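Here is a short set of questions and answers for a reader meeting this structure for the first time. The model shown is a predicted one.

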Amino acid sequence: MVERIRKAGHARRSEVERVLLDTPRHEFVPDADLAVAYDPWQAVVTHRFDDGRSLSCASAPWLVAAMLDQLDVQPGNRILEIGAGTGYNACLLAQLTGRADLVTTIDIDPDVTAKASGALAATGYGDVHVITGDGGLGYPDHAPYDRMIATVSPWDIPASWWQQLAPGARLVAPLRFPVKSAC
(Lines give C-alpha, C1' and ligand atoms only; values in the text may rest on other atoms or scores of the structure.)
Protein backbone atom coordinates (compact mmCIF):
# COMPACT_ATOMS: atom_id res chain seq x y z
CA MET A 1 0.00 0.00 0.00
CA VAL A 2 2.62 2.55 1.04
CA GLU A 3 4.80 1.94 -2.01
CA ARG A 4 1.83 2.67 -4.30
CA ILE A 5 0.99 5.81 -2.30
CA ARG A 6 4.60 7.05 -2.58
CA LYS A 7 4.65 6.38 -6.33
CA ALA A 8 1.54 8.57 -6.61
CA GLY A 9 3.43 11.41 -4.89
CA HIS A 10 2.12 11.10 -1.32
CA ALA A 11 3.80 10.11 1.97
CA ARG A 12 6.77 12.22 0.86
CA ARG A 13 7.83 12.78 4.47
CA SER A 14 9.75 9.77 5.78
CA GLU A 15 7.91 10.06 9.12
CA VAL A 16 4.55 9.73 7.35
CA GLU A 17 5.78 6.72 5.39
CA ARG A 18 7.03 5.12 8.63
CA VAL A 19 3.75 5.49 10.56
CA LEU A 20 1.74 4.19 7.59
CA LEU A 21 3.97 1.13 7.48
CA ASP A 22 3.93 0.60 11.26
CA THR A 23 0.19 0.98 11.89
CA PRO A 24 -2.23 -1.95 11.49
CA ARG A 25 -5.01 -0.18 9.53
CA HIS A 26 -7.14 -3.34 9.55
CA GLU A 27 -7.53 -3.06 13.33
CA PHE A 28 -9.36 0.24 12.83
CA VAL A 29 -11.69 -1.16 10.15
CA PRO A 30 -12.42 -4.65 11.51
CA ASP A 31 -15.46 -5.21 9.28
CA ALA A 32 -13.46 -4.68 6.07
CA ASP A 33 -11.49 -7.50 4.50
CA LEU A 34 -7.73 -6.98 4.29
CA ALA A 35 -7.74 -6.10 0.58
CA VAL A 36 -10.22 -3.29 1.21
CA ALA A 37 -8.54 -2.14 4.44
CA TYR A 38 -5.20 -1.70 2.65
CA ASP A 39 -6.46 -0.47 -0.74
CA PRO A 40 -4.65 2.88 -1.07
CA TRP A 41 -7.44 4.50 -3.11
CA GLN A 42 -10.52 3.37 -1.18
CA ALA A 43 -12.25 4.90 1.82
CA VAL A 44 -14.00 2.43 4.13
CA VAL A 45 -17.45 3.47 5.34
CA THR A 46 -17.77 2.58 9.00
CA HIS A 47 -20.99 4.24 10.11
CA ARG A 48 -24.20 5.13 8.26
CA PHE A 49 -27.28 7.18 9.00
CA ASP A 50 -30.56 5.25 9.20
CA ASP A 51 -31.33 6.24 5.59
CA GLY A 52 -28.09 4.63 4.37
CA ARG A 53 -26.04 7.80 3.81
CA SER A 54 -22.44 7.65 5.00
CA LEU A 55 -21.79 9.30 8.38
CA SER A 56 -18.22 8.25 9.06
CA CYS A 57 -15.41 6.47 7.28
CA ALA A 58 -11.73 5.70 7.28
CA SER A 59 -10.39 8.03 4.59
CA ALA A 60 -8.53 6.51 1.66
CA PRO A 61 -4.89 5.96 2.67
CA TRP A 62 -3.55 8.19 -0.14
CA LEU A 63 -5.62 11.08 1.24
CA VAL A 64 -4.48 10.38 4.80
CA ALA A 65 -0.86 10.47 3.60
CA ALA A 66 -1.34 13.67 1.58
CA MET A 67 -2.96 15.48 4.51
CA LEU A 68 -0.31 14.30 6.97
CA ASP A 69 2.43 15.49 4.60
CA GLN A 70 0.78 18.92 4.54
CA LEU A 71 0.21 19.00 8.30
CA ASP A 72 3.97 18.56 8.92
CA VAL A 73 3.62 17.25 12.48
CA GLN A 74 6.73 17.74 14.60
CA PRO A 75 7.63 15.86 17.80
CA GLY A 76 5.86 17.43 20.77
CA ASN A 77 3.15 19.19 18.72
CA ARG A 78 -0.25 19.53 20.40
CA ILE A 79 -2.84 18.39 17.85
CA LEU A 80 -6.61 18.66 17.38
CA GLU A 81 -8.33 16.40 14.87
CA ILE A 82 -11.89 17.29 13.85
CA GLY A 83 -13.67 14.04 12.94
CA ALA A 84 -12.58 11.02 14.97
CA GLY A 85 -13.60 8.45 12.36
CA THR A 86 -12.10 5.09 13.27
CA GLY A 87 -9.25 6.45 15.40
CA TYR A 88 -6.72 5.47 12.70
CA ASN A 89 -5.67 9.02 11.90
CA ALA A 90 -5.40 9.89 15.61
CA CYS A 91 -3.12 6.86 16.02
CA LEU A 92 -0.90 8.11 13.18
CA LEU A 93 -0.86 11.60 14.71
CA ALA A 94 0.10 10.21 18.12
CA GLN A 95 3.08 8.45 16.56
CA LEU A 96 4.14 11.55 14.64
CA THR A 97 4.01 13.84 17.68
CA GLY A 98 5.60 11.22 19.91
CA ARG A 99 3.00 11.40 22.68
CA ALA A 100 -0.57 10.13 22.45
CA ASP A 101 -1.69 12.50 25.22
CA LEU A 102 -0.92 15.48 22.95
CA VAL A 103 -3.58 14.36 20.45
CA THR A 104 -7.25 15.25 20.84
CA THR A 105 -9.83 13.94 18.38
CA ILE A 106 -13.46 15.07 18.44
CA ASP A 107 -16.62 13.80 16.79
CA ILE A 108 -20.28 14.62 17.32
CA ASP A 109 -21.47 11.01 17.17
CA PRO A 110 -21.05 8.97 20.39
CA ASP A 111 -21.02 5.65 18.48
CA VAL A 112 -18.12 6.92 16.36
CA THR A 113 -16.12 8.12 19.38
CA ALA A 114 -16.78 4.90 21.29
CA LYS A 115 -15.43 2.78 18.42
CA ALA A 116 -12.46 5.10 17.87
CA SER A 117 -11.63 5.04 21.58
CA GLY A 118 -11.82 1.25 21.66
CA ALA A 119 -9.58 0.85 18.61
CA LEU A 120 -7.04 3.32 19.99
CA ALA A 121 -6.93 1.50 23.34
CA ALA A 122 -6.60 -1.89 21.62
CA THR A 123 -3.61 -0.69 19.58
CA GLY A 124 -1.81 0.93 22.51
CA TYR A 125 -2.88 4.54 21.98
CA GLY A 126 -5.51 4.84 24.69
CA ASP A 127 -3.96 8.10 25.91
CA VAL A 128 -5.37 9.95 22.87
CA HIS A 129 -8.16 12.23 24.10
CA VAL A 130 -11.34 11.12 22.32
CA ILE A 131 -14.09 13.68 22.80
CA THR A 132 -17.77 13.48 21.90
CA GLY A 133 -18.80 16.99 20.92
CA ASP A 134 -19.30 19.50 18.13
CA GLY A 135 -16.03 19.71 16.23
CA GLY A 136 -17.16 23.02 14.77
CA LEU A 137 -16.45 24.46 18.21
CA GLY A 138 -13.00 22.88 18.37
CA TYR A 139 -11.95 21.83 21.86
CA PRO A 140 -10.63 24.75 23.91
CA ASP A 141 -9.74 22.62 26.97
CA HIS A 142 -6.50 21.42 25.33
CA ALA A 143 -5.75 24.54 23.25
CA PRO A 144 -3.65 26.12 21.95
CA TYR A 145 -2.89 23.62 19.19
CA ASP A 146 0.26 23.56 17.08
CA ARG A 147 -1.50 21.51 14.42
CA MET A 148 -5.18 21.12 13.56
CA ILE A 149 -6.60 18.76 10.96
CA ALA A 150 -10.17 18.31 9.80
CA THR A 151 -10.98 14.90 8.41
CA VAL A 152 -14.48 16.15 7.66
CA SER A 153 -15.28 18.61 4.85
CA PRO A 154 -16.36 21.92 6.35
CA TRP A 155 -17.81 24.77 4.27
CA ASP A 156 -15.62 27.26 6.12
CA ILE A 157 -13.07 27.54 8.90
CA PRO A 158 -14.96 28.35 12.13
CA ALA A 159 -13.67 31.28 14.19
CA SER A 160 -13.23 28.94 17.17
CA TRP A 161 -10.62 26.96 15.25
CA TRP A 162 -8.58 30.07 14.53
CA GLN A 163 -8.83 31.10 18.18
CA GLN A 164 -7.50 27.74 19.36
CA LEU A 165 -4.38 27.74 17.18
CA ALA A 166 -0.99 28.64 18.65
CA PRO A 167 1.10 31.30 16.89
CA GLY A 168 2.78 29.72 13.86
CA ALA A 169 0.35 26.77 13.90
CA ARG A 170 -0.75 24.86 10.82
CA LEU A 171 -4.30 23.84 9.85
CA VAL A 172 -5.21 21.34 7.12
CA ALA A 173 -8.84 20.95 6.06
CA PRO A 174 -10.54 19.70 2.87
CA LEU A 175 -12.85 22.70 2.36
CA ARG A 176 -16.04 22.16 0.43
CA PHE A 177 -17.08 24.96 -1.89
CA PRO A 178 -20.75 25.43 -2.76
CA VAL A 179 -21.39 25.27 -6.48
CA LYS A 180 -23.97 27.72 -7.77
CA SER A 181 -25.95 27.05 -10.87
CA ALA A 182 -25.48 29.43 -13.80
CA CYS A 183 -29.26 29.47 -14.30
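Q: In which sense do β3 and strand β4 pair?
A: In this predicted model, strand β3 covers residues 79-82, and strand β4 covers residues 103-107. The two are joined over 4 bridges, one position of the pairing being isoleucine 79 opposite valine 103 in β4. The sense in which β3 and β4 pair is parallel.

Q: What is the handedness of the β-α-β unit made by β3, helix α5 and β4?
A: Helix α5, residues 88-97, belongs to a β-α-β unit together with β3 and β4. The handedness of this unit is right-handed.

Q: Which residue is the bridge partner of isoleucine 79 in β6?
A: Strand β3 also runs parallel to strand β6, residues 145-150, and 4 bridges join them. Within this pairing, the partner of isoleucine 79 is arginine 147.

Q: Are the residues of strand β3 buried or exposed?
A: In a regular strand the side chains alternate between the two faces of the sheet. In β3, Ile79 and Glu81 point one way, while Leu80 and Ile82 point the other way. Whichever way they point, all of these residues are buried.

Q: Which helix gives the most to the largest nonpolar core?
A: The largest nonpolar core has 28 residues, and Val103 and Val128 are among those that touch the most other members. Helices α1, α2, α4, α5 and α6 each supply at least two residues of this core. With 7 residues, the helix that gives the most is α5.

Note on methods:
Residues are numbered from 1 along each chain as its sequence is written. This is a predicted model: local features need pLDDT of at least 70, side-chain atom pairs count only at pLDDT 80 or more; totals for chains, interfaces and linings use all residues. Side-chain values use heavy atoms; hydrogens and water are left out. Buried means under 20% relative accessible area, exposed over 50%, partly exposed in between (1.4 Å probe, protein chains only). Two strands pair if DSSP finds at least two bridges between them. A crossover is right-handed if, with the strands pointing away from the viewer, the path from the first strand over the helix to the second runs clockwise. A nonpolar core is a set of buried Ala, Val, Leu, Ile, Met, Phe, Trp, Tyr and Cys residues joined through side-chain atoms within 4.5 Å.
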